[in-house]
Amino acid sequence: MSTTKESIGFIGVGYMGQGMASCILAKGFPLTVMGHRNRRPVEELKAAGAAEAATPREIAEKASIIFLCVTGSPQVEQVINGPDGIAASARPGTVIVDCSTSDPVSTIALAERLAAIGLHLCDAPLGGTPAQAKLGQLSTMIGADSAVFERIRPVCAAWAQKIVHLGPVGDGHKMKLLNNFLSLGYGAIYAEALTLAQKVGITPQTFDSVITGGRMECGFYQTFMKYVLERDRDAHKFTLSNALKDVRYLESLANAAGVPNPVGGAVKNVYAAAVASGKGEDYVPMLSDFVAAQSKVSLG
């Protein structure tokens, strides 16, 4: 099938998905999106030219490439294999692109089951923010065989400025967990460092004046500190519950590989404590407030 004639489906038009879907539309691909509990993104995409489907099954009846941008492996499995799932009606040759941060063990097993009925699954997890998604400036790390990669690349290029084909199915999700281990580990370290700094008389503003412009500054640090310094709740819209899910997936990956993961365990425990305290729907930079409160200091 020519890439110019691919019909695109998109399930999960939330923070990241809406921007990605709007970029796909802007590049002229016919697009069908599935209804979302938040109607605003769906209505905005429909106004821009997208069609709407009520179920994954209906999406599969219309699309040759289907993007999933949902929470994780359980949701991916349900969308594909549920009673009204993609697998119930997808035509042989359909490509399912999982942009979620999923468990690679689940991804590989699911890909094998789908291959038996003529469907292709690949993993293309994301790097970046919702603001970058709207601008088509995300990055993606893709696990797929070469032929499938070439089919999906033109569509991924609509929303990603950096596309890396890592290897076979599952490699994208493996790399994404490693990437998130770094970023979420930084988040836990920043929160603890800022708390200790405040406790010994170094304000967040002074802390930032030293780090900004130095070797320890990075994009994640900038969005984390935008919340700490400016109280911008939307600086990095990724929930603590999602963060905990990802570091748990990392733990599972390490266990399967037989690799000790003591730092990952420590990072997981920080996020688990925050989620257990009822902070699960807070965003990752707000971990700084949780950690500071444990030492009876305030960063705001």
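Me: What relative accessibility does Leu-178 have?

Reply: Leu-178 is at 40% relative accessibility, so it counts as partly exposed. Buried means under 20% relative accessible area, exposed over 50%, and partly exposed in between (1.4 Å probe, protein chains only). This is a predicted model, where local features need pLDDT of at least 70, side-chain atom pairs count only at pLDDT 80 or more, and totals for chains, interfaces and linings use all residues. Residues are numbered from 1 along each chain as its sequence is written, and side-chain values use heavy atoms, with hydrogens and water left out.

Me: Where does Leu-178 sit?

Reply: Leu-178 belongs to helix H8; helices (H or I, at least four residues) and strands (E, at least two) are DSSP runs numbered from the N terminus.

Me: Which residues form a nonpolar patch on the surface?

Reply: Patch members have over 30% relative accessible area and no salt bridge, and nonpolar side chains (Val, Leu, Ile, Met, Phe, Trp, Tyr) are joined within 5 Å. A salt bridge puts a side-chain nitrogen of Lys or Arg within 4 Å of a carboxyl oxygen of Asp or Glu. Here Leu-178 joins Val-164, Leu-166 and Met-175 in the patch, with about 280 Å² of accessible area together (Shrake-Rupley, 1.4 Å probe, only the protein chains shown as cover). Strand S9 (160-167) and helix H8 (171-199) each give two or more residues to this patch.

Me: How many cavities of 30 Å³ or more are there?

Reply: A cavity is a set of points on a 1 Å grid over the protein atoms alone where a 1.4 Å probe fits but cannot get out, and lining residues have an atom within 4 Å of a point. Points join across faces, edges and corners, and the volume is the space filled by probe spheres set on them. In this model the count is one, and the largest cavity holds about 30 Å³ of space.

Me: Which residues line the largest cavity?

Reply: The lining consists of Ser-73, Val-76, Asp-98, Ser-102, Ser-106, Thr-107, Leu-110 and Leu-121. Helix H4 (73-81) and helix H5 (104-115) each give two or more residues to this lining, and H5 has the largest share, with three residues. By class, the lining has three nonpolar, four polar and one charged residues.

Me: Which residue in the loop between helix H10 (219-230) and helix H11 (240-257) is worth a look?

Reply: Try Arg-231, which lies in that loop. Although not a glycine, Arg-231 has a positive phi of about 60°. At 32% relative accessibility, Arg-231 counts as partly exposed.

Me: What is the phi of Lys-296?

Reply: Phi of Lys-296 is near 60°, again positive in a residue other than glycine. Lys-296 is in the segment after helix H13 (287-294), and its 74% relative accessibility makes it exposed.

Notes:
Patch = residues over 30% accessible without salt bridge, like charges linked within 9 Å, V, L, I, M, F, W, Y side chains within 5 Å. 1 Å grid on protein atoms, 1.4 Å probe; cavity = no way out; pocket = protein on both sides within 12 Å on 5 of 7 lines; lining within 4 Å. Nonpolar A, V, L, I, M, F, W, Y, C, P; charged D, E, K, R; others polar.
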